[in-house]
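Work through the exercises below with the coordinates open, and compare each step with the solution that follows it.

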Amino acid sequence: MLDIIKKIKNNLVSNFEGIGDKDILVSSPPEIKMGDVSVPLFALSKKLNIPLPELAEKCIPLVKIETFVDKVERVGGYLNLFLNRDVTAGEIIKQVLKSNKLFGSSFSGKGKKALIEHTSINPNASPHVGRARNAMIGDSLSRIFRFEGYDTEVHYYVNDMGRQIGLLVLISDEIENLDFNGILEAYVRANQRAENDPEFAQKGYDLLAKMEQGDEDVRKKFFHVTEMCLKGQLQVLKRLGVDYDYFDRESNFIESEELNKVLEVLKTKGALFVDEEQRLTVDLAPLGYTQEEGRYFVLRRANGSSMYGYRDLAYTIYKGLMGADEDIIVLGEDHKLYLQQISLILSGAGYKPPVPVFYSYILLKEGKMSTRQGNVVLLSDFLDTASELAFKRVQEQCKELSEEEQKLIAEQVAVSAIRFAVLRVTPTKNVIFDIESALSFEGDTGPYLQYSCARIKSILRKYGKEIPLNISDEIPIQQDEEWILVRKISEFPLTVLNSIEQRNPSIIAGYALDLAHTFTSFYHTCPVLQAEKEEIKEARLQICSATLQTMQNALHLLGISVPERM
RNA sequence: GCGCCUGUAGCUCAGUUGGAUAGAGCACUUGCCUCCGGAGCAAGGGGCCGUGGGUUCAAAUCCCGCCGGGCGCGCCA
């Protein structure tokens with residue numbers, strides 16, 4: 001399908017002076033009756049200064065690609081092409097079944113490296129679904145980059161420093177056997193106490209200072225608390241299928257030669273100064289910042305201790321020096337100004353800042369999530385209830401399976417429910433998270449996608465033999481539903497490219513839904529195993545198999561696995 | 001107040017980057033399990049695409065104003 005579009009473009013570009021690939025738009029007509037591919041000529045007519053009817057006449061033979069295009073109709077300013085269904089379907093299905101797990105990849109990242117930092121939550125509590133949005137988007141992007149052939153590494157920045165951690169370390173001395181479950185309560189208590197007790201707060205700072213100065217005992221304590229918390233968080237994220245390659249600890253970036261070089265450059269630009277209270281500060285105005293709000297960026301306190309911004313700059317430079325072609329960081333929208341600031345600092349010194357992928361917050365139906373008001377949805381809580389619900393369902397429907405297998409499937413269903421509910425929304429928009437509908441497993445949900453796969457698997461299982469792979473050049477297409485499904489399959493590679501270009505997994509999610517809908521529609525009108533003729537049966541088996549492969553590939557990019565039955 | 005993001009069916013979201021009659025799901029109404037899995041399918045009702053201007057053959061999409069929502073705005077991370 002991609003090839004056909006390419007050929008059409010090539011033919012047109014090489015036959016008219018002064019136009020490029022981008023001048024030729026290719027879309028599809030609104031209805032299947034009107035054809036399969038459409039080329040709007042309005043803009044072209046204007047650019048070439050040729051009246052529409054005349055231009056259309058000239059274009060018709062150029063777009064009539066041999067064996068693939070049966071007929072071309074002109075409707076208004078559009079050229080509508082009708083593809084030869086049997087030939088095109090043969091081509092597409094063959095390609096899918098040959099490429100298997102790689103179908104959909106254009107290998108646009110071959111020979112390139114991608115570095116993605118995501119999640120990086122503060123080690124102070126079990127993650128709620130809002131935090132998990134970062135992990136899901138980041139993980140999905142990592143999968144997409146890998147799929148496109150990028151040598152991809154995933155980094156997790158462990159915020160093992162800072163005032164809050166200092167307080168947490170203090171309070172952990174008072175609590176016996178503080179474990180991950182008790183950590184949020186301890187954290188809240190520590191912060192409350194710091195608010196009411198200045199002495200306690202000061203002790204936190206002192207501890208932090210000792211940590212920075214390299215006091216072994218204190219460092220050990222910090223490590224112990226943050227490591228315990230990180231482990232707990234990772235365990236929950238692991239349930240989602242989220243993995244990381246590197247854990248980079250903030251405490252390793254207290255001092256950085258590279259950053260000090262950057263600061264030297266800033267000094268020559270008049271962008272670095274020590275303010276009247278002895279704080280080492282960057283003035284962003286000489287670097288091109290135009291507003292007063294957020295103009296000053298503090299790096300070190302009066303006592304010389306580093307601020308978060310200093311350490312993070314050092315870390316960002318460290319990542320940048322790894323030479324990735326794509327240096328990406330997934331951040332909540334609350335970090336927009338902050339990232340703008342450090343980007344200015346870095347590019348001011350000639351460094352390439354990372355490319356941010358921002359996402360907006362998850363809101364509950366009742367409003368914002370608030371830890372204090374207790375209306376947060378913990379990721380692990382959601383997974384527990386979803387898994388339990390799914391388990392009951394699986395117990396009813398898959399009686400022949402062992403309880404162990406049933407539980408495994410239920411967990412897969414739970415994960416797909418949350419991942420899909422979050423990933424299907426464009427990152428820049430708020431997700432309004434409705435627990436009830438996320439737990440319903442009906443309609444446009446992850447479990448629905450898994451279900452449509454399970455049905456295909458069921459057909460293939462009943463068939464019992466290998467799908468004949470010696471596909472002839474043509475595949476007999478009987479019904480519109482078959483053809484629409486094949487066309488939808490062929491859109492997958494473009495969808496993936498689109499999604500990686502925009503760094504937006506929701507495009508894949510939308511595609512997966514479309515594909516599932518087209519399939520179930522096909523499923524209800526076209527009997528496969530009971531097809532009227534053997535060759536039609538084979539054709540449909542191949543279409544089923546190609547659909548399953550495409551769906552599995554798409555779902556893999558979203559981090560959703562496909563159970564054999566459910 | 002200033003900056004960034006956002007506004008599409010009662011609700012939750014799509015909309016191929018400016019193209020043909022704006023699409024799904026939930027909810028509501030009506031059909032469909034002796035027939036490959038009903039976590040499903042088919043059909044119906046439901047829209048001033050927040051609002052007022054502008055740009056052009058063509059605007060939900062681009063520009064400007066206003067209104068509503070999210071986020072941020074120097075010693076936190």
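The exercises on this predicted model treat the contacts to RNA and then the salt bridges.

**Exercise 1.** Characterise the surface near RNA strand B by its residue classes and by the elements that supply it.

*Solution.* Begin with the residue classes: the surface divides into 30 nonpolar, 22 polar and 20 charged residues. Turn next to the elements, where helix 16 gives the largest share, seven residues. Finally, consider the strand itself: of its atoms within 4 Å of the protein, 59% belong to sugar or phosphate, and the rest to bases.

**Exercise 2.** Find which part of RNA strand B is approached by serine 38, by glutamine 291 and by threonine 426.

*Solution.* For serine 38, a polar side-chain atom lies 2.8 Å from a base nitrogen. For glutamine 291, a side-chain N or O atom is 2.9 Å from a sugar or linking oxygen. For threonine 426, a backbone N or O atom lies 2.7 Å from a phosphate oxygen.

**Exercise 3.** Analyse the salt bridge between glutamate 117 and lysine 319, and then the one between aspartate 434 and lysine 365.

*Solution.* In the first pair, N and O are 2.5 Å apart. Glutamate 117 belongs to strand 4 and lysine 319 to helix 11, so the bridge ties together parts 202 residues apart in sequence. Both glutamate 117 and lysine 319 are buried.

In the second pair, the closest N and O atoms are 3.8 Å apart, which falls within the 4 Å cut-off for a salt bridge. Aspartate 434 is partly exposed at 23% relative accessibility, whereas lysine 365 is exposed at 58%.

How values were computed:
Residues are numbered from 1 along each chain as its sequence is written. Chains are lettered from A and ligands numbered from 1 in the order in which they are written. This is a predicted model: local features need pLDDT of at least 70, side-chain atom pairs count only at pLDDT 80 or more; totals for chains, interfaces and linings use all residues. Side-chain values use heavy atoms; hydrogens and water are left out. A residue is near a molecule or strand if one of its heavy atoms lies within 4 Å of it. A polar contact is a pair of N or O atoms within 3.5 Å; within protein, one must be able to donate a hydrogen and the other to accept it, and residues adjacent in sequence count only if both atoms are side-chain atoms. Helices (H or I, at least four residues) and strands (E, at least two) are DSSP runs, numbered from the N terminus. Ala, Val, Leu, Ile, Met, Phe, Trp, Tyr, Cys and Pro count as nonpolar, Asp, Glu, Lys and Arg as charged, and the others, Gly among them, as polar. A salt bridge is a side-chain nitrogen of Lys or Arg within 4 Å of a carboxyl oxygen of Asp or Glu. Buried means under 20% relative accessible area, exposed over 50%, partly exposed in between (1.4 Å probe, protein chains only).
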